[in-house]
Amino acid sequence: MFGGPRMLPLEPESGSRSGFSLKGSAGLIIAIVVVAILLIALPAYRWFFLISVLIGLVIAGGLALWHKLHPIKEQDVEPKRPLGL
């Protein structure tokens with residue numbers, strides 16, 4: 001008579017999956033706190049973190065050096081107007 005059971009939405013109406021969201025510097029601060037807790041609590045994580053940071057610094061330094069020695073020239077950029085504007 002009423003058309004069957006009523007379907008309830010699975011997600012909140014606000015569009016967020018949880019009741020809160022981390023935007024801007026709040027997410028960065030929480031990420032830093034989580035990494036600090038892991039560095040303190042798990043000794044094996046210290047070595048993994050150190051090696052990962054060193055690899056990242058070597059790659060970043062290599063890319064910076066490469067782009068300093070091989071700057072992009074205007075004729076290397078193709079197409080000049082990709083959207084035709």
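Start by selecting R46 and L39: a polar atom of the R46 side chain lies 2.6 Å from the backbone oxygen of L39. Add I40 to the selection, and you'll see the R46 side chain reaching that residue's backbone oxygen too, at 3.0 Å. Both count as polar contacts (a pair of N or O atoms within 3.5 Å; within protein, one must be able to donate a hydrogen and the other to accept it, and residues adjacent in sequence count only if both atoms are side-chain atoms).

Before moving on, a word on what's loaded: this is a predicted model, where local features need pLDDT of at least 70 and side-chain atom pairs count only at pLDDT 80 or more, while totals for chains, interfaces and linings use all residues. Residues are numbered from 1 along each chain as its sequence is written, and side-chain values use heavy atoms, with hydrogens and water left out.

Stay on R46. Leaving aside neighbours within four places in sequence, R46 is in contact (heavy atoms within 4.5 Å) with L39 and I40. Now draw a C-alpha to C-alpha distance from R46 to V35: 9.8 Å, with their positions 11 residues apart in sequence. R46 counts as partly exposed because its relative accessibility is 42% (buried is under 20%, exposed over 50%, partly exposed in between, with a 1.4 Å probe and protein chains only).

Next, switch to cartoon view. The protein has two helices and zero strands (DSSP runs: H or I of at least four residues for helices, E of at least two for strands, numbered from the N terminus). R46 sits in helix α2.

Now show the rings of Y45, F48 and F49, which ring pairs link into a cluster. Rings of Phe, Tyr and Trp (its six-membered ring) pair if their centres lie within 6.5 Å; planes under 30 degrees apart are stacked, over 60 edge-to-face, the rest tilted. The structure holds two such aromatic pairs. One of them, Y45 with F48, is tilted, at 6.2 Å centre to centre and 40° between the planes. Those two are about one helical turn apart, because they're three residues apart in helix α2. F48 is exposed, at 55% relative accessible area.

Last stop: turn on the surface and colour by residue type. How much of the protein counts as buried? Of its 85 residues, 0%. The accessible surface comes to about 8,400 Å², 72% of it belonging to carbon and sulfur atoms (Shrake-Rupley method, 1.4 Å probe; for residues, only the protein chains shown count as cover). Finish on L54, in helix α2 (residues 43-69), which is partly exposed at 47% relative accessibility.
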